[in-house]
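Hello,

Here is the structure I said I would pass on to you. Please open it alongside this message, and then read on for what turned up when I went through it.

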4 protein chains.
Amino acid sequence: MMERAYSPRDHEWDTRVRSSFAQQGAMRLLGASIAELSPGSCTIVLPFREELSQQHGYFHAGITSAIADSAGGYAGLTLFPANAEVLTVEFKINLIAPAQDGLLRAEGNVVRSGRTLTICAVEVSVERDGARIPCALMQQTLIRIDHHR
Amino acid sequence: MMERAYSPRDHEWDTRVRSSFAQQGAMRLLGASIAELSPGSCTIVLPFREELSQQHGYFHAGITSAIADSAGGYAGLTLFPANAEVLTVEFKINLIAPAQDGLLRAEGNVVRSGRTLTICAVEVSVERDGARIPCALMQQTLIRIDHHR
Amino acid sequence: MMERAYSPRDHEWDTRVRSSFAQQGAMRLLGASIAELSPGSCTIVLPFREELSQQHGYFHAGITSAIADSAGGYAGLTLFPANAEVLTVEFKINLIAPAQDGLLRAEGNVVRSGRTLTICAVEVSVERDGARIPCALMQQTLIRIDHHR
Amino acid sequence: MMERAYSPRDHEWDTRVRSSFAQQGAMRLLGASIAELSPGSCTIVLPFREELSQQHGYFHAGITSAIADSAGGYAGLTLFPANAEVLTVEFKINLIAPAQDGLLRAEGNVVRSGRTLTICAVEVSVERDGARIPCALMQQTLIRIDHHR
C-alpha cells in the first residue's frame, strides 16, 4: 500500500523541508537529523544517549514518538505546494520492542496524500552492531494549512 | 468512566514513582516535573522554551506526547505492586489545538487497571495568562512487567 | 475536557441527524437505535443477540466499534451547518472488558469542534441486571464535508 | 517490517482458525468469509450490500473495522498454541477513502508476535471492475489468553 511514486508539487520541496526541520528546536535538543529525503518519504535518525532514556535505560517512548512524528510530518510536507504548512492531527504508535543504544531510525512514508489530509506510516528501528531491529510502528494523520496572501 | 477511586497495592507507591521519574533522562532533558501524584493519577508539567518547539514555534507534538506518555505511565505505576515495572504498549494522541508558550500540563488517569494491561486517558492543556486551554488527548495501553527473584 | 455546552448552527439538527441515522443500512442490520441526542452528544444502544458475537459469545469488537463510530459521528453532526456531511477520518478504540448480553450503549461526545475537523470521545458500556459496566473507549476524528450548490 | 515468515506452533492452526471464525455470529450476519489464510496472515472478504452502508451509501466505517479486526485477530491466532484464545486489546483505523460497491478485502498480517501481545497491520481495499483501491489501514494489538486445564 506504500509503494506509490509521488510527484512533488513544489520543485523546491527538498530545501523547504530541510529549512523547516532546521527550525524545530525540539529536533536540535534531541540531536536528531534527516538521513534520507525523497518525495513522500523522510527518514530521521537519532543516536542514543542517556538523556533520551526512560527509567530502564531504553529510548523514552515519547522520544521515539517525537522523531517518528517528525519523519511522518516531513514525508507529508515534501508533497505540499510551496505556500502550505503541515500540522499533526493525531498519531498512534505501537512500541513493539524496547530500543536501546545504537541509532534510532524513523522512516516515514506517505500512504495517502489528499487535498486536506495526508496519512503516513512510520516504521522505527534501532541499528546496533550492524543489525536493524524494528521497535515501533506509527500511523499518523496530517493536515495541510494553506497560507493565503 | 474515569472517576473511580483506586487503592495502591504498594504503600511506597509515591516514593517508587518519583524515584523512577528521576531516572528518566528524557524528562530531565525536557525540563519536565511531577506536579501532582495520587493513586491512579499523575500530572506532569513542562514550561515552554524554544528548544521544545516545532517549526512554527509551538510545542512539538512529540514533546507533548513525551510528557503525556510519562503522565499515563506513572498514573499506571502508582497501582502496581512493589516488584513490577511499567512499559508503554501503545498510545494514540490527538493534537486538538497548537500549544504555545506557558506551561504544558499532562494529566494522566487510569481508566482500567487489569492484571496485565492498564488503560489510561491523558489530557494535555496549556496554562497561559491564567487560562487553561486543552491541547491534546491521549489514550494509552500499558503493560505490567513483574520481576521474579 | 468534555463538559462544554455547544450551540448547534442549524436549528433542524435533531431531524437532520435522525434522518441520516435512518439511512444507515448498517445500524438497521445490527438493530441499533438512537437513545439520546443533544448538541454535541449522541448515545446509541444495541441489544445483544448471537448474531453480533465473536467466537466466545461476546459482542464482536467490530460491532462495538460500529455503534461507537456512529455515536461519535452523529455527536459531531449535531453541530454542523445544514449543508454539511460528516465522514470518519480515523478512530482508535480500546476494548477494556468483554461485553456480553444486555444492552450495549455507546455515548459519543464532541471534545473539540473545529471548522474542518471534529474530535470525539466515545464511551461504551454494557447494561445488564441494572449495572453499567464500561467496556470500550474510543477517540475519533471526523471531517466536515460542505456541499456547495 | 511485515515480510517475516512465521512458523505456527500448533499444526492444526488452519482448522482451529476456520472453526473459530465459523463461531463468529457477527461475520455471518455481515456475510464475510475467509479468502486466504497462512501462518501470520488472514484475508477476509465481504461483498457490498445496502445493509452494510452508512448514510451516503458507502461501507459503514464500523463494518470495515469489523472485518479488519477479524482479519488481524485471526492472523494472530494462526501463530498461537492449541490451547490459547485471542482477544482484541485495541485498534486504530484510518479510513483513507470511501469504499463503495464491489468486494471489501481486509488483509491482516502479524507484525510482531510476542508471548503475551501480538501486533498486526491490516490493509483494507475495495475491489471493483478489476481494480483494487486502498480504503483503510489498521494497527491492532491482540492479547493471548491461555486456557489451563
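How much area does chain A expose, and what share of it do carbon and sulfur atoms supply? The exposed area of chain A comes to about 5700 Å², with 46% of it supplied by carbon and sulfur atoms. Please keep in mind throughout that this is a predicted model.

**Chain A as a whole**

Chain A holds three helices and six strands. Read from the N terminus, their order is α-α-β-β-α-β-β-β-β. The radius of gyration is 15 Å, close to the 15 Å that the globule rule gives for 149 residues, so chain A is as compact as a globular protein of that length. Along the principal axes, the C-alpha atoms of chain A fill a box of roughly 50 × 30 × 25 Å.

As for the interior, 60% of the 149 residues in chain A are buried. The contacts reach across the sequence too: of those in chain A between residues at least 6 apart, 65% join residues at least 24 apart. On the charge side, chain A has 14 positive and 16 negative charges, and the mean positions of the two sets are 7 Å apart.

**How the copies are arranged**

Some background for this part: two copies of a chain are related by a rotation about an axis and a shift along it. For chain A and chain B, the rotation is 180° and the shift along its axis is 0.0 Å, and the superposition has an RMSD of 0.0 Å. The two copies are thus related as by a two-fold rotation axis. Which residue of chain A comes closest to that rotation axis? The answer is A:Lys92, with its C-alpha at 2.0 Å. Both copies use the same surface, as 100% of the contact residues of chain A recur in chain B.

Chain D can be compared with chain A in the same manner. A turn of 180° with a shift of 0.0 Å along the axis lays chain A on chain D, with an RMSD of 0.0 Å. Here 100% of the interface residues of chain A are also interface residues in chain D, so the copies meet through the same surface.

**Residues to look at**

Let me begin with strand β5. A:Ile119 has its place in strand β5 of chain A. Is A:Ile119 buried or exposed? At a relative accessible area of 5%, A:Ile119 is buried, because buried means under 20%. Setting aside residues up to four places away in sequence, A:Ile119 touches A:Asn109, A:Val110, A:Val111, A:Arg112, A:Gln140 and A:Thr141 in chain A, together with D:Asn94 and D:Ile96 in chain D. By contrast, A:Ile119 and A:Ala61 are 21 Å apart in space, C-alpha to C-alpha, and 58 residues apart in sequence.

In chain D, D:Val124 is found in strand β5, which covers residues 117–128. D:Val124 is buried, with a relative accessible area of 0%. D:Val124 and D:Gly108 are 16 residues apart in sequence, and their C-alpha atoms are 8.6 Å apart.

Just past that strand is a loop to check. In chain A, the loop between β5 (117–128) and β6 (131–146) contains A:Asp129. A:Asp129 is not a glycine, yet its phi is positive, at about 50°. A:Asp129 is exposed, with a relative accessible area of 79%. Chain C has a counterpart to look at: C:Asp129 lies in the loop between β5 (117–128) and β6 (131–146) of chain C. C:Asp129 also has a positive phi of about 50° although it is not a glycine, and C:Asp129 is exposed, at 77% relative accessible area.

Lastly, there is A:Gly57, in the loop between β2 (41–47) and α3 (61–77) of chain A. A:Gly57 counts as partly exposed, at 22% relative accessibility. Which residues are in contact with A:Gly57, leaving aside its neighbours within four places in sequence? They are A:Phe48 and A:Gln100. A:Gly57 and A:Glu107 are 50 residues apart in sequence and 23 Å apart in space, C-alpha to C-alpha.

Happy browsing, and do write back with any questions.

Best wishes

Methods: Residues are numbered from 1 along each chain as its sequence is written. Chains are lettered from A and ligands numbered from 1 in the order in which they are written. This is a predicted model: local features need pLDDT of at least 70, side-chain atom pairs count only at pLDDT 80 or more; totals for chains, interfaces and linings use all residues. Side-chain values use heavy atoms; hydrogens and water are left out. Helices (H or I, at least four residues) and strands (E, at least two) are DSSP runs, numbered from the N terminus. The radius of gyration is taken over C-alpha atoms; the globule rule is 2.2 Å times the number of residues to the power 0.38. Buried means under 20% relative accessible area, exposed over 50%, partly exposed in between (1.4 Å probe, protein chains only). Contact means heavy atoms within 4.5 Å. Accessible areas come from the Shrake-Rupley method with a 1.4 Å probe; for residues, only the protein chains shown count as cover. Lys and Arg count as positive and Asp and Glu as negative; His and the chain ends are not counted. The place of a charge is taken as NZ of Lys, CZ of Arg, CG of Asp or CD of Glu. Copies are superposed by least squares on the C-alpha atoms of residues with pLDDT of at least 70 in both.
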